[in-house]
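Work through the exercises below with the sequence and the structure side by side. Each task is followed by a solution in steps.

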Amino acid sequence: MSVSLYITSGKGGVGKSTLTANLGAALIARGCSVVIIDADIGLRSMDALLGLENEVVYDLIDVAKKDCSLSQALLVSHRVPGLNLLPASQFARARDLEKNRLKKIIGELKQKFDYVLIDSPAGIERGFRTVLNAGIDESLLIVTPDDICIRDAERAAQVIEHKELPRPRIIVNRLDPDLIFRKEMLPARVIADTLDLPLLGEIPEDPAVYRSVLRHTLFMQYDCSARRAVLRIAGRLQGEIVPLPEIGLERPSLWKRLLTHRNLKEVTPIDSH
Ligand SMILES: Nc1ncnc2c1ncn2[C@@H]1O[C@H](COP(=O)(O)OP(=O)(O)OP(=O)(O)O)[C@@H](O)[C@H]1O
Ligand SMILES: [Mg+2]
């Protein structure tokens, strides 16, 4: 049975697009067929994350407006064979995408692929709501461990539940094990409990993520902690029991404690005149 998954957040810039691309690769590694829809109309990024930025000819809006067929618009990643992309339009606006058209496109893609992953625009405005009304099966809410992001996630979750969709599952991104151990950062479990939503996974802050984004590749191609975390999330999505929590349980090494995260040193406030 195929599934359409909406990867979203309240606050922007929390790692939705990066995680969507890499989760796609993780599901492919597990033998599934996957297509990603870039629903961030006007601010497309998924084509670049997948190294396909020079190959976009048609996009989601072209398909919705019937200017081309769905198969004409689909691109396939060279780095992750089998990972398909329906790119976003660079110049259109969210209002150019009509919910019934998107619903039809998602329906058609579900007939061809096991997973239809939909990358969300930032915020809970028009673009976000159009996808919620377009027949998605489930949503994954990405949160970073700070109170502003948690508050915005709560708002997004309310909008999702208001549409009578299943309660979103939480992925907490950019966790720092040392800060969690020192009780300076909220652990993922506390964030999920605060939001009263089920926790699907935890992803550490990992320099490999940034380095792979710069190279227009996926961190799933490198041996790194973010990769291992996303593989565990893919397992849970497919019903495997992979225990949580994972991050922040162990005492950091003495070396790490000495070199990193020294106490914050306050400086004299900047003079206003
Ligand atoms: N676990 C991580 N470790 C380190 N860097 C990360 C991690 N997750 C995301 N990032 C970085 O955060 C930045 C924002 O990521 P991304 O563009 O995927 O966020 P987004 O939620 O899609 O943003 P927008 O809301 O603008 O669409 C990127 O530079 C990415 O490299
Ligand atoms: Mg994005």
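Buried means under 20% relative accessible area, exposed over 50%, and partly exposed in between, with a 1.4 Å probe and protein chains only. Helices (H or I, at least four residues) and strands (E, at least two) are DSSP runs numbered from the N terminus. The model is predicted, and local features need pLDDT of at least 70, side-chain atom pairs pLDDT 80 or more, while totals for chains, interfaces and linings use all residues. Residues are numbered from 1 along each chain as its sequence is written, chains are lettered from A and ligands numbered from 1 in the order in which they are written, and side-chain values use heavy atoms, without hydrogens and water.

**Exercise 1. The two sides of a helix**

Task: Determine which residues of helix H10 (residues 207-214) are buried, and which are exposed.

Solution.
1. Ala208, Val209 and Ser212 are the buried residues in H10.
2. These residues lie on the same side of H10, because they cover an arc of only 105° around the axis. The arc is that of the directions from the helix axis to the C-beta atoms.
3. The general rule is that an α-helix has 3.6 residues a turn, so residues three or four places apart point the same way.
4. Pro207, Tyr210, Arg211 and Leu214, on the other side of H10, are exposed.
5. The packing partners of the buried residues are helix H1 (16-29) and helix H11 (225-237).
6. At the start of H10, the backbone nitrogen of Ala208 has a side-chain oxygen of Asp206 within 2.9 Å.
7. His216 follows H10 and has a positive phi, near 55°.

**Exercise 2. Positive phi outside glycine**

Task: Arg174 and Lys183 each have a positive phi without being glycine. Where does each lie, and is each buried, partly exposed or exposed?

Solution.
1. For Arg174, phi is near 70°. This residue belongs to strand S7 (residues 169-175).
2. Arg174 counts as partly exposed because its relative accessibility is 41%.
3. For Lys183, phi is near 60°. Lys183 sits in the loop between helix H8 (177-181) and helix H9 (188-195).
4. Lys183 has a relative accessible area of 74%, so it is exposed.

**Exercise 3. Three buried positions**

Task: Describe the surroundings of Leu141, Thr130 and Ala192. Contact means heavy atoms within 4.5 Å.

Solution.
1. Leu141 is part of strand S6 (residues 138-143), and with a relative accessible area of 0% it is buried.
2. Outside its neighbours within four places in sequence, Leu141 has contacts that include Thr8, Ser9, Gly10, Ala153, Ile170 and Leu197.
3. Leu141 and Ile170 are 29 residues apart in sequence, yet their C-alpha atoms are 4.9 Å apart.
4. Thr130, in helix H6 (residues 126-132), is buried at a relative accessible area of 9%.
5. Beyond four places in sequence, Thr130 is in contact with Leu97, Glu98, Lys99 and Leu102.
6. Ala192 belongs to helix H9 and is buried, at 1% relative accessibility.
7. Leaving out residues up to four places away, Ala192 touches Leu197 and Leu199.
8. The C-alpha atom of Ala192 is 8.7 Å from that of Ile171, 21 residues apart along the chain.

**Exercise 4. The ligand site**

Task: How many residues surround ligand 1, and which are the closest? A residue is near a molecule if one of its heavy atoms lies within 4 Å of it.

Solution.
1. Ligand 1 is surrounded by 18 residues, of which Gly13, Lys16, Ser17, Thr18 and Asn173 are the closest.
2. An N or O atom in the side chain of Lys16 is 2.7 Å from an oxygen atom of ligand 1.
3. Ser17 places a polar side-chain atom 2.9 Å from an oxygen atom of ligand 1.
4. At Pro204, a backbone N or O atom lies 3.0 Å from a nitrogen atom of ligand 1.
5. Of the 640 Å² of accessible area (Shrake-Rupley method, 1.4 Å probe) that ligand 1 has on its own, the protein covers 80%.

**Exercise 5. The whole chain**

Task: What radius of gyration would a compact globule of 273 residues have, and what does the protein chain have?

Solution.
1. The radius of gyration is taken over C-alpha atoms, and the globule rule is 2.2 Å times the number of residues to the power 0.38.
2. For 273 residues a compact globule would be near 19 Å, and the protein chain agrees, with 19 Å.
3. The C-alpha trace spans about 60 × 45 × 40 Å along its principal axes.
4. The secondary structure comes to twelve helices and eight strands.
5. Of the 273 residues, 51% are buried.

Conventions:
Polar contact = N/O pair within 3.5 Å; in protein donor to acceptor, adjacent residues only side chain to side chain.
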